[in-house]
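The following note is offered to a colleague who will be working with the coordinates. The numbered points go from single residues to packing and back again.

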Amino acid sequence: MAESDTVELAKQRCRAVIDIIETLPSSTNITVSSSRTLHKLAFRELNFLSRCSSSSSTPLSLNIGHLEAIVHILQHPSVTGISRVCKPIPSSCSKAVYVDIICTLNRNPVWVIVSDRKPRYISWYKGHRSKGLKSRLEEVIDAARSLQALEPCSIILFFSHGLDQFILEKLRDEFGATEFNFNFSNFDFGFSEIDVDWVNVLPRSYEEACVLEIKVNDRNCGVTSSNCNSEVCSTGVDEPKILDNFVERDLGDPFCSVVMAMKPNPMIGIDDMESTSLEHLLGGDSDLINFDTTALIALVSGISNGCVAKLLATPESELRQKYKSNYDFVIGQAMSEIQKPILVELSSLLSGKRGIICHSVHSEFKELVTMCGGPKEKSRAKHLLKHIMVVPDMASKRMTCLPTTRKLALKNKVVFGTGDYWNAPTLTANMSFVRAVSQTGMSLFTFEHRPRALTGD
């Protein structure tokens, strides 16, 4: 292939990568800074290629293959919580180490290292121009074990063009690396418009890719908060007394459908709880979902359950008197509900999931429903708590290692940290906390929902 053809093809690949970056699925929760970094790298490569002279005899050193492999991984359906891409990580035990991706993969926090080199160019030992794969991995693993807040469960190695058998055996013997089944398409396709009449398809094959996993530490050593109750678990069987006076009534078909589609709460008796291990109950459950208080309120809110018409028919003066400074907030939610009902949105997300809440959320939710909820909202709350397991406040080690600040409040660290401890995504409208966590570089598995308020319905 002529040099000019090589340059033009590389330009097309750059444009295809840029297009893919702009259409990464929202489920990845990629941070704005990470997306910006990817764009910058892709545009930098495109600008470099645009400056290349077609008559130059100097071989091109292309980075587009590395970016293609990174974007290929970011499209994986099990990748979420992308908090850092193509940036060095400061380490307390050595100089900063470079990691291509920090994210959550299959509910576990991972670091991903990507290599697009041909196997013959990957060296194990240090050389004149190379640090050597062994040395680099030792630095990365040391950093992973020293940065408790960013500590991954494992390090994923993605070699686009495969590995020589010698290096593969070294990774297995010295680092305990095992093959990782990515369960993903071996091909990536980009589309780049060449003429006004046709679009060129740029296939990139990963059939030769070798994907390995190196375990870092056992992360299931959560820290129980000081205000945790002494019970192994609570199941919602002992209903909050504040709700006992309200009989179940007209809960609404959408609400009941969402709740009944969830996995049932294991109705464990008080006598059985002492001999039943919470780890045994939940440790192997891959369908857990952790609710924060905003999610519980969204499920039982009158706005989510059919009172929007009544609310909007109420005179504005009466509503302003009732909701005071929250008037605009409540009306905004009502209009949002008309455009896109939230229970329809949450139905597919929660179907087949087992809901858990920590003790702190349980207490806060009861208090809010008692103070602000109407009879129907209280009935829905009572019904909902029968189907959700209450677990102790138990934040993951990496969450407790984050500094407690105004944006990273201890209460939220306990709530989200409990979900992280059980490898359960947290359903939340508290995106300010999620953003604050991502700014530390830590990946966090969350699902966002639109906020809803209690209306007194």
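1. A residue is called buried here when its relative accessible area is under 20%. By that cut-off Cys153, with a relative accessible area of 10%, is buried. Cys401 is at 31% relative accessibility and therefore counts as partly exposed, because that class lies between the limits for buried, under 20%, and exposed, over 50%. The model discussed throughout is a predicted one.

2. On the cysteines as a group, the count of disulfides comes to 0. The criterion is a pair of cysteine sulfur atoms within 2.5 Å.

3. Some overall figures follow. The protein chain has 457 residues, of which 51% count as buried. Its secondary structure comprises 18 helices and 15 strands. Among contacts between residues at least 6 apart in sequence, 78% join residues at least 24 apart.

4. The largest nonpolar core contains 71 residues, and Trp111, Leu171, Phe291 and Leu350 have the most contacts inside it. Another core lies apart from it and has 35 residues, including Val17, Ile70, Ile73 and Phe182.

5. Ile70 and Ile73 also appear in the list of buried residues of helix α3. How many of the 11 residues of this helix are buried? The number is 10, so helix α3 (residues 64-74) is largely enclosed by the rest of the structure. The buried set consists of Ile64, Gly65, Leu67, Glu68, Ala69, Ile70, Val71, His72, Ile73 and Leu74.

6. Helix α15 (residues 375-385) is also largely enclosed by the rest of the structure, because 9 of its 11 residues are buried. A reader concerned with charged side chains may note that Glu377, Lys378, Arg380 and Lys382 are among the buried residues of α15. Ser379, Ala381, His383, Leu384 and Leu385 are buried in α15 as well. Against which elements do the buried residues of α15 pack? They pack against α6 (253-261), α9, β11 (354-358) and α14 (359-372).

7. Helix α9 (residues 293-300), one of those partners of α15, contains Thr293. At 8% relative accessibility, Thr293 counts as buried. Neighbours within four places in sequence aside, Thr293 is in contact with Val361, Glu364, Phe365 and Leu368.

8. Strand β1 (residues 79-89) contains Ile82, which is buried with a relative accessible area of 1%. With neighbours within four places in sequence left aside, Ile82 is in contact with Thr28, Asn29, Ile30, Thr31, Ser34, Leu74, Ile102 and Cys103. Of these contacts, Leu74 is listed among the buried residues of α3. Ile82 and Gly441 are separated by 359 residues in sequence, yet their C-alpha atoms are 9.0 Å apart in space.

9. Cys86 is found in strand β1 too. Although Cys86 is not a glycine, its phi is positive, at about 55 degrees. Is Cys86 buried or exposed? With a relative accessible area of 9%, Cys86 is buried.

10. Lys324 likewise has a positive phi without being a glycine, at about 50 degrees. Lys324 lies in the loop between α11 and α12. At 57% relative accessibility, Lys324 counts as exposed, whereas Cys86 is buried.

11. The two helices joined by that loop deserve a separate entry. Two packed helices are described by the angle between their axes and the distance between the axes. For helix α11 (residues 316-323) and helix α12 (residues 327-339), the angle is about 115 degrees and the axes are 9 Å apart. Glu316, Leu319, Arg320 and Tyr323 in α11 meet Tyr327, Asp328, Val330 and Ile331 in α12. By class, this contact of α11 with α12 has 5 nonpolar, no polar and 3 charged residues.

12. The last point concerns aromatic rings. A search of the whole structure finds 5 aromatic pairs. One of them is formed by Tyr421 and Trp422, with 4.9 Å centre to centre and 85 degrees between the planes. This pair counts as edge-to-face, because the planes are over 60 degrees apart. Both Tyr421 and Trp422 are buried.

Definitions and conventions. Residues are numbered from 1 along each chain as its sequence is written. This is a predicted model: local features need pLDDT of at least 70, side-chain atom pairs count only at pLDDT 80 or more; totals for chains, interfaces and linings use all residues. Side-chain values use heavy atoms; hydrogens and water are left out. Rings of Phe, Tyr and Trp (its six-membered ring) pair if their centres lie within 6.5 Å; planes under 30 degrees apart count as stacked, over 60 as edge-to-face and the rest as tilted. Buried means under 20% relative accessible area, exposed over 50%, partly exposed in between (1.4 Å probe, protein chains only). Helices (H or I, at least four residues) and strands (E, at least two) are DSSP runs, numbered from the N terminus. Contact means heavy atoms within 4.5 Å. Axes are lines fitted to C-alpha atoms, for helices over the stretch in contact, and angles run from 0 to 180 degrees between N-to-C directions. Ala, Val, Leu, Ile, Met, Phe, Trp, Tyr, Cys and Pro count as nonpolar, Asp, Glu, Lys and Arg as charged, and the others, Gly among them, as polar. A nonpolar core is a set of buried Ala, Val, Leu, Ile, Met, Phe, Trp, Tyr and Cys residues joined through side-chain atoms within 4.5 Å.
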